Amino acid sequence: MTLLLNQVKKRFGKHVAVNNLSLEIPANEMFGFLGGNGAGKTTTFRMILGLLDRTAGEITWNGSPINYETSSSIGYLPEERGLYPKLRVKEQIVYLARLRGMGKNEALKELEYWLERFKVPDYLNQKVEELSKGNQQKIQFISSVIHKPKLLILDEPFSGLDPINVEMLKEAVIDLKNEGTSIVFSSHRMEHVEELCENLCILQKGNPVVQGSLRQIKRSFGKKNLAIHADIALDFLKDFQGVVRYKQTPEGCLLQITSEAVSQEIFQALQGKGFVRKFALEEPSLQDIFIEKVGATYE
Ligand SMILES: Nc1ncnc2c1ncn2[C@@H]1O[C@H](COP(=O)(O)OP(=O)(O)OP(=O)(O)O)[C@@H](O)[C@H]1O
């Protein structure tokens, strides 16, 4: 069960929204899709789902194009949330599940499982409009997974959720992945992608500018971070050879350096100057990589 995108392109008039995008997402994979506003993430999802025609390229799921027959094995949480406000959770989710081929009792059992899991069992008979935005989002997430899809596409699944609900949803998607679901999700929050994904793609104005495994991307970035906590003046490190970026922190400084060897030289230079409480060489964060490759700050 693999999702394949081959040289996919989408043009709206003269504007190229997605350009030559190729991806391969196998089963048991959680793939992260990053990019600023208007980068082309939602457009890509809509093309995968067949909601939008491609200008060029191919998209297949398990070797076949995605169409009406395959759609019951796909789950989608769209960016624009929308449930029927006047309907009760039970009526609405069971209805949507039945559209995807589930029996009524099976759908109800599955819905009860998810409501229990999300610690909101009494929402079963509540109207959607009576729930908070974040809780409506949990219900919409349930509607995208109730039929146990093999491919799950989540557009900004964590936006608008409080930290406890973010954790709850993260655990749910990790379990679904481990059960064999291929998951693609977009996010503006790089720490979510960093935590959940082995592979990712960063889009910039429709172009894939960074793509591959998180580990490989971090390694090939070359630069590393060095965190130092010390009671001594550290600002001489601003001009130290191999230091690309110097940022003062409440406890010392955070440096971006060109190689591990530079950290050894800094370590030597600090000898005898005073007490160093922390000296930690770290991989660059995805945030660092994004800023360098895309050239923009990003939240
Ligand atoms: N139906 C459409 N007609 C014309 N242009 C469109 C249409 N849909 C999207 N676009 C344009 O395509 C580009 C990509 O939009 P898209 O919604 O895919 O971005 P995104 O990465 O999902 O952004 P965001 O993070 O803001 O949701 C944007 O420049 C947008 O204006």
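Two strands count as paired when DSSP finds at least two bridges between them. Keep that in mind as we walk through this predicted model, because bridges between strands will come up several times.

**Confidence and overall layout**

Let's start with how sure the predictor is. The mean pLDDT of the protein is 92, and 98% of its residues reach 70 or more. For the complex, the predictor gives an ipTM of 0.96 and a pTM of 0.86.

The domain assignment splits the protein into domain 1, residues 3-212, and domain 2, residues 223-283. Taken over C-alpha atoms, the centres of domain 1 and domain 2 are 42 Å apart.

**The sheet with β1**

Strands β2, β1 and β4 make an open sheet in the order β2-β1-β4, and their pairing is antiparallel. β2 (15-25) and β4 (56-61) each have a single partner strand, so one side of each is left without a neighbour in the sheet. On average, neighbouring strands here are turned by 20° against each other, direction ignored.

Look next at strand β1 (residues 3-12), which pairs with β2 in the antiparallel sense over seven bridges. To see one bridge for yourself, find L4: its bridge partner in β2 is E24. Helix α1 (residues 41-48) packs on this sheet and touches β1, β2 and β4. The direction of α1 makes about 60° with that of β2.

**The sheet with β10**

Another open sheet has four strands in the order β11-β12-β10-β13, with antiparallel pairing. Its edge strands are β11 (243-249) and β13 (276-282), each pairing on one side only. Neighbouring strands of this sheet are turned by 15° against each other on average, direction ignored.

β11 pairs with strand β12 (residues 252-257) in the antiparallel sense over six bridges. Here you can look for R245, whose bridge partner in β12 is Q256. Helix α8 (residues 260-270) packs on the sheet, touching β10 (224-230), β11, β12 and β13. The direction of α8 makes about 170° with that of β13.

Here are the two strand pairs side by side:

| Strand pair | Pairing | Bridges | Example of bridge partners |
|---|---|---|---|
| β1 and β2 | antiparallel | seven bridges | L4 and E24 |
| β11 and β12 | antiparallel | six bridges | R245 and Q256 |

**The nonpolar cores**

Which residues have the most contacts inside the largest nonpolar core? They are F31, I93 and I183, and this core has 53 residues. Helix α2 (residues 89-99) gives the most to this core, with five residues.

I183 is a good place to zoom in. Leaving aside its neighbours within four places in sequence, I183 is in contact with M30, F31, L152, L154, V173, L176 and K177. A second, separate core has seven residues, including I228, L234, V262 and I266.

**A closer look at A107**

Now find A107, which sits in helix α3 (residues 104-117). Is A107 buried or exposed? A107 is buried, because 21 other C-beta atoms lie within 10 Å, and 20 or more are enough for a residue to count as buried.

Which residues does A107 meet, apart from its neighbours within four places in sequence? The contacts of A107 are V94, A97, R98, M102 and I146. For a sense of distance, compare A107 with Q287: the two are 180 residues apart in sequence and 40 Å apart in space, C-alpha to C-alpha.

Definitions and conventions:
Residues are numbered from 1 along each chain as its sequence is written. This is a predicted model: local features need pLDDT of at least 70, side-chain atom pairs count only at pLDDT 80 or more; totals for chains, interfaces and linings use all residues. Domain bounds come from an automatic or database domain assignment. A nonpolar core is a set of buried Ala, Val, Leu, Ile, Met, Phe, Trp, Tyr and Cys residues joined through C-beta atoms within 7 Å. A residue is buried if 20 or more other C-beta atoms lie within 10 Å of its own, exposed if 12 or fewer, and partly exposed in between; C-beta atoms are placed from the backbone. Helices (H or I, at least four residues) and strands (E, at least two) are DSSP runs, numbered from the N terminus. Two residues are in contact if their C-beta atoms, placed from the backbone, lie within 7 Å. Axes are lines fitted to C-alpha atoms, for helices over the stretch in contact, and angles run from 0 to 180 degrees between N-to-C directions. pLDDT is the predictor's confidence in each residue, from 0 to 100.
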